[in-house]
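Student: I should like to request a close look at one part of this structure, the surroundings of the ligand. Please take the polar contacts as the starting point and continue from there to the helices.

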Amino acid sequence: MKGIQGKNAIITGSSRGIGLAIAERLAEEGANIVLSSSSLKEDSPLVQELAQKYQVKVMAIPADVSSYTDVEHLINKTKEEWGSVDILVNNAGITRDNLILRMSLEDFNIILDVHLKGVFHGVKAVYPLMMKQRSGKIINITSVVGITGNAGQANYAAAKAGIIALTKSTAKELAGRGVNVNALAPGFIDTAMTDDMPENIKTQILSTIPMKRMADPKEVASVVAFLASEDASYINGQTITVDGGMVMQ
Ligand code: NAP
């Protein structure tokens with residue numbers, strides 16, 4: 001894809017799942033990669049593994065996205081080491097599912113902190129750099145449930161809906177500065193997040209997907225790579241669903 005080669009990309013929540021698939025795909029396209037998650041260590045074996053496999057620069061910087069200090073350090077250290085931050089993928093996430101009746105305030109708050117505030121922290125920290133560069137790509141990972149709502153996921157759906165509005169607002173503020181800001185809403189993807197769901201729930205979700213299957217994380221990563229490329233230069237403020245037809249707008 002056009003314009004990814006040699007760019008510096010940060011992917012939050014890239015120790016596994018969708019984030020790791022995005023990191024690998026951007027590396028395959030020639031981007032230098034900053035891996036990050038709350039538990040990923042600077043000397044993670046993934047650093048050597050990806051650097052050797054894709055022949056790009058790779059580093060790991062631990063950051064809990066719910067902490068602005070951590071995220072600011074992640075962005076600023078990348079800029080200090082490599083000179084620019086060209087692509088930021090705000091992907092880190094967790095779930096704390098329950099019906100509202102049984103949902104604790106703590107479980108509501110932590111989901112808002114990691115997802116909605118986590119994305120805001122990334123956007124806020126990278127904003128002055130990209131504004132000054134007059135270029136950049138921000139891709140925020142939301143979810144189809146941020147569009148539809150979901151019983152048992154009031155916290156997660158509200159946070160993901162917030163990410164969609166935050167994406168549009170950021171896109172409007174940065175559009176004149178050469179920065180593209182978009183969201184990607186995955187449907188049902190085969191990762192650790194969906195692994196431990198009860199089988200009956202999985203079957204029920206699959207029945208709502210016209211393609212009748214989960215996605216491989218690579219099928220999300222390829223769309224992120226497109227949004228990060230110059231092939232998507234005129235796409236801004238959009239939410240692209242990657243969901244096998246689950247939500248047709
Ligand atoms: P996953 O396999 O559980 O991976 C989540 C990643 O986020 C891990 O790298 C985890 O690493 C990191 N993380 C969790 N809390 C963090 C924090 N506070 N700060 C920094 N990193 C943190 O989940 P996934 O399925 O790949 O999900 C990735 C994104 O896609 C999430 O935003 C999720 O909401 C979204 N999504 C997933 C699906 C799906 O079906 N899987 C559908 C729609 C949307 P550590 O534990 O080391 O921090």
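Tutor: In this predicted model, an oxygen atom of the ligand lies 2.4 Å from an N or O atom in the side chain of Ser39. The side chain of Ser38 likewise places an N or O atom 2.5 Å from an oxygen atom of the ligand. For the side chain of Ser15, the corresponding distance from an N or O atom to a ligand oxygen atom is 2.6 Å. On its own the ligand has 880 Å² of accessible area, and the protein covers 93% of that area.

The elements that contribute two or more residues to the shell around the ligand are helix H1 (17-28), helix H4 (105-133), helix H6 (154-174) and helix H7 (192-195). H7 gives the most, with three residues. In total, 31 residues surround the ligand, and those that come nearest are Ser37, Ser38, Ser39, Tyr156 and Thr191. Divided by class, the shell holds 13 nonpolar, 15 polar and three charged residues.

Two of the helices in the shell, H1 and H4, can also be followed into their packing with other helices. Such packing is described by the angle between the two axes and the distance between them.

The axes of H1 and helix H2 (residues 45-54) come within 9 Å and cross at roughly 35°, and the crossing is right-handed. On the H1 side, Leu20, Ala23, Glu24, Ala27 and Glu28 make the contact, while H2 supplies Leu46, Leu50, Lys53 and Tyr54. The residues of this contact comprise six nonpolar, no polar and three charged.

H4, for its part, packs with helix H3 (residues 68-82) at an angle of about 35°, and their axes are 9 Å apart. H3 passes H4 in a right-handed crossing. The contributors from H3 are Tyr68, Val71, Glu72, Ile75 and Lys79, and those from H4 are His121, Gly122, Lys124, Ala125, Val126 and Leu129. By class, the contact of H3 with H4 has six nonpolar, two polar and three charged residues.

Notes
Residues are numbered from 1 along each chain as its sequence is written. This is a predicted model: local features need pLDDT of at least 70, side-chain atom pairs count only at pLDDT 80 or more; totals for chains, interfaces and linings use all residues. Side-chain values use heavy atoms; hydrogens and water are left out. A residue is near a molecule or strand if one of its heavy atoms lies within 4 Å of it. A polar contact is a pair of N or O atoms within 3.5 Å; within protein, one must be able to donate a hydrogen and the other to accept it, and residues adjacent in sequence count only if both atoms are side-chain atoms. Accessible areas come from the Shrake-Rupley method with a 1.4 Å probe; for residues, only the protein chains shown count as cover. Helices (H or I, at least four residues) and strands (E, at least two) are DSSP runs, numbered from the N terminus. Ala, Val, Leu, Ile, Met, Phe, Trp, Tyr, Cys and Pro count as nonpolar, Asp, Glu, Lys and Arg as charged, and the others, Gly among them, as polar. Axes are lines fitted to C-alpha atoms, for helices over the stretch in contact, and angles run from 0 to 180 degrees between N-to-C directions. A crossing is left-handed if the near helix is turned anticlockwise from the far one by less than a right angle, and right-handed if clockwise. Contact means heavy atoms within 4.5 Å.
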